[in-house]
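Please open the model in your viewer and keep the selection tool at hand, since this tour moves from one selection to the next.

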Amino acid sequence: LESTRQLLDQTIREVQRISHGLRPGVLDDLGLVPAIRSLCDEFRQRTGATLDYQLADVPPDMPQELAVTIYRLLQEALQSLERHGGALSPFVELQVSDEGYVLDIVDTCPALADATELLNNMQARADLVGGRLQVTPAAGGAKCLRLRLPRQTLGALAP
């Protein structure tokens, strides 16, 4: 009976961890910027990497679909960096302009440029909201994974 109880407790914790990863409460409760900070802090704690970030304030009318897309793509990129190693000092930047949102993830880890399946999955997610994903060279031999999203989702733009 005790073994079954422990297994059930472990299962509950795992389900909570998975559901947090799919749609973290901090994203709904506090917004995108605190959710990104939390994600970056968790990455630092798990990996010991020096992760710096610069995050612009997002407007209150930001469509939820865009916030979720930005969060999930950053989450996927950080998981890839962690899984493939080499992420010593990634840099994350979120910019906001009249045209839309830009998320940059910069690191020297080849996972940012060489993980074709990851990039295809991320591009498919960006496509759902009219976004574009590209990998470009950055200073010091690093790569920059850049996500560009419009100010509104495709659904909001349709007549």
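**Starting with helix H4**

Select H4 in this predicted model and compare two lengths: at 1.5 Å a residue, its 21 residues should span 30 Å, and the C-alpha atoms at its ends are indeed 30 Å apart, which agrees. The helix covers residues 64-84, and if you colour it by accessibility you will find it mostly covered, with 15 of its 21 residues buried.

What, then, does H4 lie across? Keep H4 selected and add strands S2, S3 and S5, the last of these being residues 143-150, because H4 lies across these strands while running at about 5° to S3, an angle that counts as roughly parallel since it is under 35 degrees.

**The sheet**

Now select the strands of the sheet, of which there are 5, and follow them in the order S1-S2-S3-S5-S4; they form an open sheet with mixed pairing. At its edges are S1 (52-55) and S4 (132-137), each of which pairs on one side only. Direction ignored, neighbouring strands here are turned by 15° against each other on average.

To look at one pairing in detail, select residues 91-96 for S2 and residues 100-107 for S3, which pair in the antiparallel sense over 6 bridges. Within this pair, place a label on Val92 and on its bridge partner in S3, Ile105.

**Helix H3 beside H4**

Next select H3, residues 32-47, which lies across S1 and S2 and runs at about 180° to S1. Show H4 again: the axes of H3 and H4 come within 10 Å and cross at roughly 10°, and the two helices are therefore roughly parallel to each other. To see where they meet, display side chains including Leu39, Cys40 and Phe43 of H3 together with Tyr71, Leu74 and Leu78 of H4. Sorted by class, this contact has 12 nonpolar, 2 polar and 2 charged residues.

**Helix H6 beside H4**

Finally, hide H3 and select H6, residues 116-127, whose axis comes within 10 Å of that of H4 and crosses it at roughly 175°. H4 and H6 are therefore roughly antiparallel to each other. On the H4 side, the contact is made by Thr69, Arg72, Leu73, Glu76, Ala77 and Ser80, and on the H6 side by Leu118, Asn121, Met122, Arg125 and Ala126. By class, these residues in the contact of H4 with H6 are 5 nonpolar, 3 polar and 3 charged.

Notes: Residues numbered from 1 in each chain as written. Predicted model: local features only at pLDDT ≥ 70, side-chain atom pairs only at ≥ 80, totals over all residues. Heavy atoms only, no water. Pairing = 2+ DSSP bridges. Helix = DSSP H or I, 4+ residues; strand = E, 2+ residues; numbered from the N terminus. Axes fitted to C-alpha atoms, helices over the stretch in contact; angles between N-to-C directions. Contact = heavy atoms within 4.5 Å. Parallel < 35°, antiparallel > 145°, perpendicular 65-115°, else oblique. Nonpolar A, V, L, I, M, F, W, Y, C, P; charged D, E, K, R; others polar. Expected span 1.5 Å × (residues − 1). Buried < 20%, exposed > 50% of the residue type's maximum accessible area, 1.4 Å probe, protein only.
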